[in-house]
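Grab a coffee and open the model next to you. Here are a few exercises to work through, each with a solution in steps.

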Amino acid sequence: MNQMFVVGERPRLEVRIPSGRVDITSGPDGSVFVEIQGRGAEAIEVEQVGDTVTVRRDPGGGWSRGAARVTAVVPAAAHIAISVASADVDLRGDLGSASIKTASGDLQIDKVASLEVNTASGEVSASKVGGDVNISSASGDISLGEVRGRLTVKLASGDLVVDRVGGSVRCGSASGDLLIRRCEGEEVSVKSVSGDSSIGFPAGTRLDADCTSLSGTISFPAPTSQALVGERRVVRFSGRSVSGGIRVERC
């Protein structure tokens with residue numbers, strides 16, 4: 001089953017299915033293409049209201065064992081809202097804001113304007129986010145490339161690796177490690193129970209640091225002897241850990 005819908009300047013795609021797979025790719029403006037495959041396709045309905053196209057399980061469609069695969073091509077910068085029980089999600093191309101809720105399944109994201117994720121179990125990977133990121137995960141690793149806005153992450157079990165953050169950072173983990181290679185925001189806060197935290201700041205940054213760890217090691221880079229020209233950027237840095245280490249590095 002496949003359908004094409006004409007949309008205007010504010011396209012939005014909503015996907016609400018119990019299980020299967022969701023693949024969304026950015027395409028030309030003005031239309032949304034949706035294809036439903038798999039044994040569960042007969043239990044899925046697609047409808048349009050205004051500029052919003054919704055893919056969901058048909059309330060009157062009965063019960064189906066099959067898992068549906070949803071493939072969609074949407075205009076660039078379209079808003080994406082996904083809610084699934086058990087499904088892998090793949091977002092490719094240049095998309096708008098993305099909001100994803102899942103009980104289990106891996107998330108692969110190319111480029112979005114902003115990202116909000118709430119997942120119980122599954123890995124999250126995103127290459128580039130133009131704005132803010134807000135992620136809550138019970139179990140699963142998180143890997144992010146560039147985050148231009150603020151970064152907020154809550155982890156119960158799993159590691160966090162981020163290449164670059166342009167805004168403020170607020171991250172907490174119960175039993176996973178936190179690695180942020182470059183922080184450019186003015187306020188950074190990391191908390192962990194049993195995981196290690198490693199944070200990188202650009203050369204020339206002056207830290208207003210407040211770090212404590214009950215049984216872990218806290219380390220800062222050695223002072224540089226190179227003279228710095230101009231006013232140094234001041235960053236408020238707070239680090240808290242019970243049994244993990246806190247390491248600050250120059251990048």
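**Exercise 1. The two faces of a strand**

Which residues of strand β22 (residues 234-241) make up its covered face, and which its uncovered one?

*Solution.* One thing before we start: this is a predicted model.

Step 1. Sort the strand by side. Val-235, Phe-237, Gly-239 and Ser-241 sit on the covered face, while Val-234, Arg-236, Ser-238 and Arg-240 are on the uncovered one.

Step 2. Look at the partners of β22. Strand β18 (residues 187-192) runs parallel to β22 and is joined to it by six bridges. Here Val-188 stands opposite Phe-237.

Step 3. β20 also pairs with β22 in the parallel sense, this time over eight bridges. In β22, Gly-239 is the residue opposite Cys-211.

**Exercise 2. An aromatic pair**

Find the aromatic pair that the structure holds, and work out how its rings are arranged.

*Solution.* Step 1. The count is one pair, formed by Phe-201 and Phe-237.

Step 2. Check the geometry. The ring centres are 5.6 Å apart and the planes make an angle of 70 degrees. Planes over 60 degrees apart count as edge-to-face, so this pair is edge-to-face.

Step 3. Place the two rings on the chain. Phe-201 belongs to strand β19 and Phe-237 to strand β22, 36 residues apart, so the pair links distant parts of the chain.

Step 4. Check the accessibility. Phe-201 is buried at 3%, and Phe-237 is buried too, at 1%.

**Exercise 3. What does Arg-240 hold on to?**

Which backbone oxygen does the side chain of Arg-240 reach?

*Solution.* Step 1. Arg-240 lies in strand β22 and is partly exposed, with a relative accessible area of 28%.

Step 2. List its contacts, skipping residues up to four places away in sequence: Val-190, Lys-191, Ser-192, Asp-210, Cys-211, Thr-212 and Ile-246.

Step 3. Pick out the polar one. The Arg-240 side chain gets to the backbone oxygen of Asp-210 at 2.8 Å.

**Exercise 4. A threonine in a loop**

Is Thr-205 buried or exposed, and what does its side chain meet?

*Solution.* Step 1. Thr-205 is in the loop between β19 (197-201) and β20 (206-213).

Step 2. Its relative accessibility is 13%. The cut-off for buried is under 20%, so Thr-205 counts as buried.

Step 3. A polar atom of the Thr-205 side chain lies 2.8 Å from the backbone oxygen of Pro-202. The side chains of Thr-205 and Arg-233 are joined by a polar contact of 3.4 Å.

Step 4. Leaving aside neighbours within four places in sequence, Thr-205 is in contact with Arg-232, Arg-233 and Val-235.

**Exercise 5. Cysteines without bonds**

How many disulfides does a search of the whole structure find?

*Solution.* Step 1. The search turns up zero. For Cys-171, the nearest cysteine sulfur is that of Cys-183, 8.1 Å away.

Step 2. Cys-171 is buried, at 3% relative accessibility.

Step 3. Why is Cys-211 unbonded? Its closest cysteine sulfur, in Cys-183, is 12 Å away, which is too far for a bond. Cys-211 is also buried, at 18%.

**Exercise 6. The core**

Which residues touch the most other members of the largest nonpolar core?

*Solution.* Step 1. Of its 62 residues, the answer is Ile-24, Val-34, Ile-82, Leu-91 and Leu-151. Strand β7 (residues 79-95) gives the most to this core, with seven residues.

Step 2. Zoom in on Ile-82. Beyond its neighbours within four places in sequence, its contacts include Val-15, Val-22, Ile-24, Val-89 and Leu-91.

Terms used. Residues numbered from 1 in each chain as written. Predicted model: local features only at pLDDT ≥ 70, side-chain atom pairs only at ≥ 80, totals over all residues. Heavy atoms only, no water. Core = buried A, V, L, I, M, F, W, Y, C linked by side-chain atoms within 4.5 Å. Buried < 20%, exposed > 50% of the residue type's maximum accessible area, 1.4 Å probe, protein only. Helix = DSSP H or I, 4+ residues; strand = E, 2+ residues; numbered from the N terminus. Contact = heavy atoms within 4.5 Å. Disulfide = S-S within 2.5 Å. Polar contact = N/O pair within 3.5 Å; in protein donor to acceptor, adjacent residues only side chain to side chain. Pairing = 2+ DSSP bridges. Phe/Tyr/Trp six-rings, centres within 6.5 Å; stacked < 30°, edge-to-face > 60°.
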